Amino acid sequence: MPHRETRAFDGNIILTGFMGTGKSSVGRLLAARLGFTFVDTDAVIENRCGQAIHEIFRDRGEPAFRAMEAALAEELGAGDRQVIATGGRMMLDSANAAALSRHGRVFCLWATPEEILDRLSGTGTAVRPLLEGSDPEARIRALFEERRAGYAQFIPVTTSGKTLFAVVEALLAILNVPPAGPER
Ligand code: S3P
């Protein structure tokens, strides 16, 4: 029987935050460190639909996408030992948040709107249908302000000026997981 202080957390870890805050990259690395399954909700929905997110928005509409997120929240909430990177609005829906928090701890990744714009402007990044248009910066700022209070209900983790590894270490420290070291 492991001693209480050293017993590892084995529920789910849910990452939320605005688009471009690094939920998927951080989540993948964190899952590897913990030996948990990594789940990216956007990727699951894309695989099931056989379409990219922007095509789902275009062909089926945003409400259909949000309904798929809700069904997935219920499904994933029943599992454990998963690191779940959620789509940027998923956890702002109270039913989704309740379902996913059932056996989980929720962290919100934060970055400034400037950094978000910078990260989302990089080549190879997915098209974000909600940021399409002539002024994505203004759109990011408006949506960011609209969502700020919703994101603030979760444990905050700053990503500004931090490497991916530093963000993962910060999360592991909150989870009380000792830093990686040589096998003993
Ligand atoms: C959305 C965020 C996206 C994706 C969809 C809608 C949002 O996910 O779910 O484009 O409303 O914030 P990422 O946060 O992974 O970009």
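A residue is called buried when its relative accessible area is under 20%, exposed when that value is over 50%, and partly exposed in between. With this scale in hand, the reader may follow several residues through the structure, which is a predicted model.

Thr21 is a suitable starting point. Because its relative accessibility is 2%, Thr21 counts as buried. This residue belongs to the loop that runs between strand S1 (12-17) and helix H1 (23-34). Within that setting, a polar atom of the Thr21 side chain is placed 2.7 Å from the backbone oxygen of Phe18. When neighbours within four places in sequence are left aside, the contacts of Thr21 are Leu109, Trp110, Ala111, Ile116, Arg119 and Thr159.

From this loop the path leads into helix H1, where Val26 and Leu29 may be considered in turn. Val26 has its place in helix H1, and its relative accessibility of 2% is why Val26 counts as buried. Not counting residues up to four places away in sequence, Val26 touches Leu15, Leu109, Leu164, Val167, Val168 and Leu171. One of these partners, Leu171, is 145 residues from Val26 in sequence, while the C-alpha atoms of Val26 and Leu171 are 9.5 Å apart in space.

Leu29 also lies in helix H1. Its relative accessible area is 23%, so Leu29 is described as partly exposed. With residues up to four places away in sequence not counted, Leu29 touches Leu164, Phe165 and Val168. The separation between the C-alpha atoms of Leu29 and Asn12 is 15 Å, and these two residues are 17 residues apart along the chain.

Asn12 leads on to strand S3. Ile84 is found in strand S3, and because its relative accessible area is 0%, Ile84 is buried. The residues that Ile84 touches, not counting those up to four places away in sequence, are Asn12, Ile13, Ile14, Leu15, Val39, Thr41, Leu76 and Leu100. Along the chain, Ile84 and Asn12 are 72 residues apart, yet their C-alpha atoms are separated by 7.3 Å.

Gln82 likewise lies in strand S3, which comprises residues 82-85. At a relative accessibility of 9%, Gln82 falls under the 20% limit and therefore counts as buried. Leaving aside neighbours within four places in sequence, Gln82 is in contact with Gly11, Asn12, Ile13, Phe36, Thr37, Val39 and Leu76.

Arg81 has its place in the loop between helix H4 (62-77) and S3. With a relative accessible area of 35%, Arg81 is partly exposed. Its backbone also deserves attention. Most residues other than glycine have a negative phi. Arg81, however, is a residue other than glycine with a positive phi, near 50°. Asn176 is not a glycine either, and has a positive phi of about 70°. This residue is situated in the segment after helix H8 (164-174). Because its relative accessibility is 61%, Asn176 counts as exposed.

The account may now turn to the ligand. Which pocket does the ligand occupy? The space taken by the ligand is the largest pocket. The ligand is surrounded by 13 residues, of which the closest are Lys23, Asp42, Arg66, Arg128 and Arg147. Three of the arginines can be described by their polar side-chain atoms. For Arg66, such an atom lies 2.8 Å from an oxygen atom of the ligand. For Arg128, an N or O atom in the side chain is 2.8 Å from a ligand oxygen atom. For Arg147, the distance from a polar side-chain atom to an oxygen atom of the ligand is 2.7 Å. As for coverage, the ligand on its own has 390 Å² of accessible area, and the protein covers 95% of this area.

Notes. Residues are numbered from 1 along each chain as its sequence is written. This is a predicted model: local features need pLDDT of at least 70, side-chain atom pairs count only at pLDDT 80 or more; totals for chains, interfaces and linings use all residues. Side-chain values use heavy atoms; hydrogens and water are left out. Helices (H or I, at least four residues) and strands (E, at least two) are DSSP runs, numbered from the N terminus. Buried means under 20% relative accessible area, exposed over 50%, partly exposed in between (1.4 Å probe, protein chains only). Contact means heavy atoms within 4.5 Å. A residue is near a molecule or strand if one of its heavy atoms lies within 4 Å of it. A polar contact is a pair of N or O atoms within 3.5 Å; within protein, one must be able to donate a hydrogen and the other to accept it, and residues adjacent in sequence count only if both atoms are side-chain atoms. Accessible areas come from the Shrake-Rupley method with a 1.4 Å probe; for residues, only the protein chains shown count as cover. On a 1 Å grid over the protein atoms alone, a cavity is a set of points where a 1.4 Å probe fits but cannot get out, and a pocket is an open set with protein on both sides within 12 Å along at least five of seven lines; lining residues have an atom within 4 Å of a point. A molecule sits in a cavity or pocket if more than half of its atoms lie within 2 Å of its grid points.
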